[in-house]
Amino acid sequence: MDRFIIRGGRPLHGEITIGGAKNAGLKLLVAGLLTSERLVLTNVPHIADIATMRALLTQHGLTVETVNGDKTTLSVGGEITSTEAPYDIVSKMRASILVLGPLLARCREAKVSLPGGCAIGTRPVDMHLKGLETLGATITLENGYIHARAPNGLVGDRIVLPFASVGATENLMMAATLAKGRTEIVNAAREPEMADLANCLNAMGAKITGAGTGHIIIDGVEALHGAQHRIMSDRIECGTYACAAAITGGDLRLIGGQIEHLGAVVRAFEEAGVEVTQEGDAMRVRRTGALRGVDIMTEPYPGFPTDMQAQFMALLSVAEGASMITETIFENRFMHVPELNRMGARINVHGSSAIIRGVHSLSGAPVMATDLRASFSLIIAGLAAHGETILSRVYHLDRGYEAVERKLAACGAQIERVND
Ligand code: UD1
């Protein structure tokens, strides 16, 4: 198992290129199930979750290949030979549940393992299932699997989501592209990744309007065809490196970073005393003064993203004064707190809120990654800490961040990967 050794205390200066968005790329690969023609995706991030999704699509019968030896370009296509998504893959990566809608729409049946809980919470899928039932599917749960059937095909209808769920919006939007008639998704998720997915589906012949707003309209078509699509840049990776620049008092240009996609994160940086500006195709982040404590609540987009909560907590651990972070999306997403406290942070958790009392400095320690974003919060802390931080279980990080040590070292960080 790999570990990272980080020697902190060096400000980050220079440029980091932000890769394609994990949370868009995974769903865009799944869109390949909606056509028998080839879907070509560019700007694909080189991360473990993409490899897992390739394995899942391959076992459904598709071929997923790199194009001209370029690992950032993938071509997806072929006939579906299996409509079953097995437990061993779905339990590894929850985004696997996204194959349910497309398989059902295209093959009129699907059998997908229930994902079960994960490190950050119970994460039910009831909204995905109720939405598909509204489109005419019959759903049963047997032996840990979701069986969905629609022998006469799906039929468009009005779906009102009780919560603006990202996954349910994506699953239902993909399924509705091939349903008969019009589907409306009310209280849809508004994350920029929704618009990216809809743009790709429209390039494949779908008729979707309103993606990126709370009201999406999909007029079903007979079939989708092949297309080429560039995956949007990863706003969470961008925000993560911005935290690393800010905590070290550095100055970074994040190539491909889009301020407009970061919503409430930009406001939080500004309140904390961090300057964030758009300079052409790059987002520039720098800090010249002291960090100040801020209060944050995670919310659906355009609110503060749950996927930035852990990284921001690391930043606020060395800010002047107190901060409060309230997590409203997941019930168990503070596992980084005890690890940050081992590095000298003063953080108390009360239910869904964490009180962070800023300390003057952190000190390096052996710490353990627990989930993807929590892992990076410990790197951010390690970059600012005195002495050496040893981060174990970096496989959590490799799921969603590409070439972390190379990107950080190029900007002056002392970080190395060691293999036990
Ligand atoms: C969520 C995040 C997304 C993040 C991803 C990975 C939100 C709104 N979504 O997406 O930004 O990239 O995790 O960290 O911030 N829920 C149900 N029933 C359902 C579906 C969801 O109760 O059928 C609940 C979840 O338990 C959770 C909330 O709704 O409390 C948000 O879930 P959802 O947006 O669907 O989760 P993901 O798609 O995993």
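User: How many residues does helix α2 have, and what is its reach from first C-alpha to last?

Analyst: Good place to start! This is a predicted model, where local features need pLDDT of at least 70, side-chain atom pairs count only at pLDDT 80 or more, and totals for chains, interfaces and linings use all residues. Residues are numbered from 1 along each chain as its sequence is written, and side-chain values use heavy atoms, leaving out hydrogens and water. Helices are DSSP runs of H or I with at least four residues, and strands are E runs of at least two, numbered from the N terminus. Helix α2 (residues 48-59) has 12 residues, and with 16 Å expected at 1.5 Å a residue (times one less than the number of residues), its reach is 17 Å.

User: Where on α2 do its buried residues lie?

Analyst: Asp-49, Ile-50, Thr-52, Met-53, Leu-56 and Leu-57 are buried (under 20% relative accessible area with a 1.4 Å probe, protein chains only; exposed is over 50%, partly exposed in between). Seen down the axis of α2, they fall within an arc of 155 degrees, taken from directions from the helix axis to the C-beta atoms, so they line one face of the helix.

User: Is Thr-169 buried or exposed?

Analyst: Thr-169 is found in helix α6 (residues 166-176). Among its contacts (heavy atoms within 4.5 Å), not counting residues up to four places away in sequence, are Leu-161, Ile-185 and Met-194. Because its relative accessible area is 0%, Thr-169 is buried.

User: Which residue just after α2 takes a positive phi?

Analyst: The buried residues of α2 pack against elements including α1 (22-30) and β5 (70-77). Just after α2, a positive phi of about 110 degrees is taken by Gly-61.
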